[in-house]
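Have the model loaded and your selection tool ready? Let's walk through it stop by stop, with something to select at each one.

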Amino acid sequence: MPDTAPQWLSDLVSEFGARAKTLLAGPGEREATIRPPLDHMVTKIGEHFGLTVVMHSEVPDTERHVRPDYGVQVNGAITGYVEVKAPRVSVDPDSFRGRNLEQWERLSDLPNLIYTNGTQWRLFRDAEPVGDPVILSGGPLESAGASLTVGPDFEPLLRQFFDWEPAPIRTVPKLVTAVAPLTRLLRGDVVERLEAERKAVAGGARVEDQQFSGLANDWRRLLFPEATDEKFADGYAQTVTFALLLATSDGVSLADTNLHGVGDAMKARHSLMGRALQLLTDEMAEDFRISLELLTRVVGAIDWDRIRSSPRDTYLYLYEQFLEAYDPKLRQQSGSYYTPLPVVEQMVRLTGDVLAQVLGRVSGFSDPNVTVVDPAMGTGTYLHAIIEQASEQVRLNDGQGAVAGRVTDLAKRLIGFELQTGPYAVAELRTSDMLRRIGATPPPGGMRTYVTNTLDDPHTDVDQLSYQYRAISDSRRLANEVKANTPVTVVIGNPPYRERACSAPKFWSSACESCWLIRSGWGTAIGWSRLVQAQRW
């Protein structure tokens with residue numbers, strides 16, 4: 001490394017110092033005052049590197065203090081963020097207190113971040129500092145002026161920042177590590193937006209002009225009537241993230257189209273998640289554009305072929321691992337702890353035996369008159385175990401050539417309900433992969449899996465707010481039709497909230513013992529024989 005900075009960089013730093021000194025001598029908030037000359041300097045440095053650098057201001061109002069000052073776009077791609085502090089304010093996270101600490105706890109989720117007070121510059125990658133702080137010398141900004149000088153370490157810091165690329169993601173743990181923090185960041189953006197709209201209404205703004213609050217209310221009416229703003233923000237962030245994961249797993253390119261186009265590409269096989277992605281981002285993408293683009297760029301780096309080359313349990317604990325990294329407390333509250341696969345497989349085997357030995361369905365789950373429901377599907381482990389065991393039974397009895405056709409027929413009679421869009425999307429991802437591996441075809445319009453509250457009364461009318469919400473309202477309506485009218489042979493699963501086992505409404509089960517078995521997911525052969533003989537809910 002040379003002992004001095006190149007002349008062009010020294011000139012830009014000197015210009016920055018002169019402009020900052022002039023502006024700091026006038027009125028105004030000190031942090032905001034140095035942003036224009038800093039913006040100019042960073043952009044010009046990018047030009048010398050042959051890059052087109054755009055500094056997008058991330059602070060639309062004074063109420064949302066946690067967002068960083070700039071999202072930085074390099075050659076059209078979101079690359080990182082810059083947070084500007086007032087001159088002489090520390091940029092060392094160990095010294096942060098109060099709002100600065102709260103902000104750091106949020107911003108530390110970012111994969112590429114610069115903190116600066118104008119003279120001190122620090123680069124962070126995933127909350128870890130990269131190298132030593134870089135100091136622009138010559139005195140404080142208020143007095144240095146054109147005498148501000150730069151050493152040889154400033155240029156490489158900015159080159160590292162500009163050159164950031166999301167690392168290829170080839171394993172589920174890496175996927176979780178990369179995606180969970182950005183989902184958490186997006187959730188925080190949504191919470192802040194809703195808070196800002198509430199304050200606007202309190203200040204006299206019209207309720208009907210608050211677009212995001214209106215979206216949240218529509219979302220509640222269709223899916224989550226009791227959802228608080230925080231729960232809506234969580235649902236928003238998880239739905240967007242897992243819709244993008246589902247899209248890329250099906251080969252949809254995120255680089256060649258906008259998010260609305262991604263939703264269109266998903267409609268053939270994943271209509272609900274594709275439409276949900278559009279509804280949640282069409283009108284509001286500009287407000288969260290930088291966060292969404294960074295998330296999209298990271299998800300686009302996933303190598304699904306490499307992930308799929310892992311053992312068959314690749315996705316089994318994906319959502320559980322995601323929640324542990326994203327919000328461990330939420331994991332506890334949602335009951336997202338999954339039954340071990342060996343237990344699931346034995347429960348499925350036992351139920352198949354009851355079908356054959358008690359109900360006379362000698363081909364078990366493959367019998368064309370057997371319909372199965374998992375009332376709290378999660379990531380689909382029970383339904384997938386049924387597909388695997390049925391496939392093996394068909395192979396042994398009728399040969400490998402019969403497997404694809406019989407599983408295609410079985411897929412029409414497998415039904416899953418799930419309240420959370422994250423695990424729902426993982427279930428769709430796993431099912432798509434499993435059917436692809438077997439050579440089977442999903443039913444027209446996709447699997448019979450629905451985002452719905454299983455315990456909702458099926459005779460309650462579903463709101464149809466407008467045509468654009470059709471895919472989501474259809475999910476609830478079709479789920480209600482299953483509850484009210486579909487003859488169901490097997491109800492199997494391991495729903496959370498065992499303490500509510502006997503509070504289910506009368507349409508759920510008429511036998512308390514069966515109700516407990518449904519809710520707990522455990523039982524003896526006698527108990528399961530009673531359960532499968534129920535025939536209808």
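Start by selecting asparagine 258 and histidine 260, at the start of helix α10: a side-chain oxygen of asparagine 258 comes to within 3.3 Å of the backbone nitrogen of histidine 260. Keep in mind as you go that this is a predicted model.

Now extend the selection to the whole of α10, residues 259-266. Which residues of this helix are buried? Colour Leu259, Gly261, Val262, Gly263 and Met266, and you have them. To see what covers these buried residues, show α9 (229-249), α11 (271-281) and α12 (289-299), which are among the covering elements.

Next, step back into the loop between α9 and α10 and pick aspartate 250. Its side chain meets that of arginine 436 in a salt bridge, with 3.4 Å from N to O. Arginine 436 sits in helix α19 (residues 421-438), so this pair ties together parts of the chain 186 residues apart in sequence. Is aspartate 250 buried, exposed or partly exposed? Its relative accessibility is 25%, so it counts as partly exposed. Arginine 436 is partly exposed too, with a relative accessible area of 39%.

For another long-range link, select arginine 88 and glutamate 142, whose side chains form a salt bridge at 3.6 Å, N to O. Arginine 88 is in the loop between β3 (77-84) and α4 (98-107), while glutamate 142 belongs to helix α5 (residues 141-144); the two are 54 residues apart. Switch on a surface and look at both ends: arginine 88 counts as exposed, because its relative accessibility is 62% and the cut-off is over 50%. Glutamate 142, at 23%, counts as partly exposed.

Now for a pair within one helix. Go to α17 (residues 381-398) and select glutamate 392 and arginine 395, which are three residues apart, about one turn of the helix. How far apart are their closest N and O atoms? The distance is 2.6 Å, and the two residues form a salt bridge. Glutamate 392 is partly exposed at 35% relative accessible area, and arginine 395 is likewise partly exposed at 35%.

For the last selection, take Asp250, Asp305, Arg308, Asp433 and Arg436 together: salt bridges with shared partners join them into one network. Side chains of opposite charge can pair when their charged atoms come close. If you would like to keep exploring, the count of salt bridges in the model comes to 30.

Definitions and conventions
Residues numbered from 1 in each chain as written. Predicted model: local features only at pLDDT ≥ 70, side-chain atom pairs only at ≥ 80, totals over all residues. Heavy atoms only, no water. Buried < 20%, exposed > 50% of the residue type's maximum accessible area, 1.4 Å probe, protein only. Helix = DSSP H or I, 4+ residues; strand = E, 2+ residues; numbered from the N terminus. Contact = heavy atoms within 4.5 Å. Polar contact = N/O pair within 3.5 Å; in protein donor to acceptor, adjacent residues only side chain to side chain. Salt bridge = Lys/Arg side-chain N within 4 Å of Asp/Glu carboxyl O.
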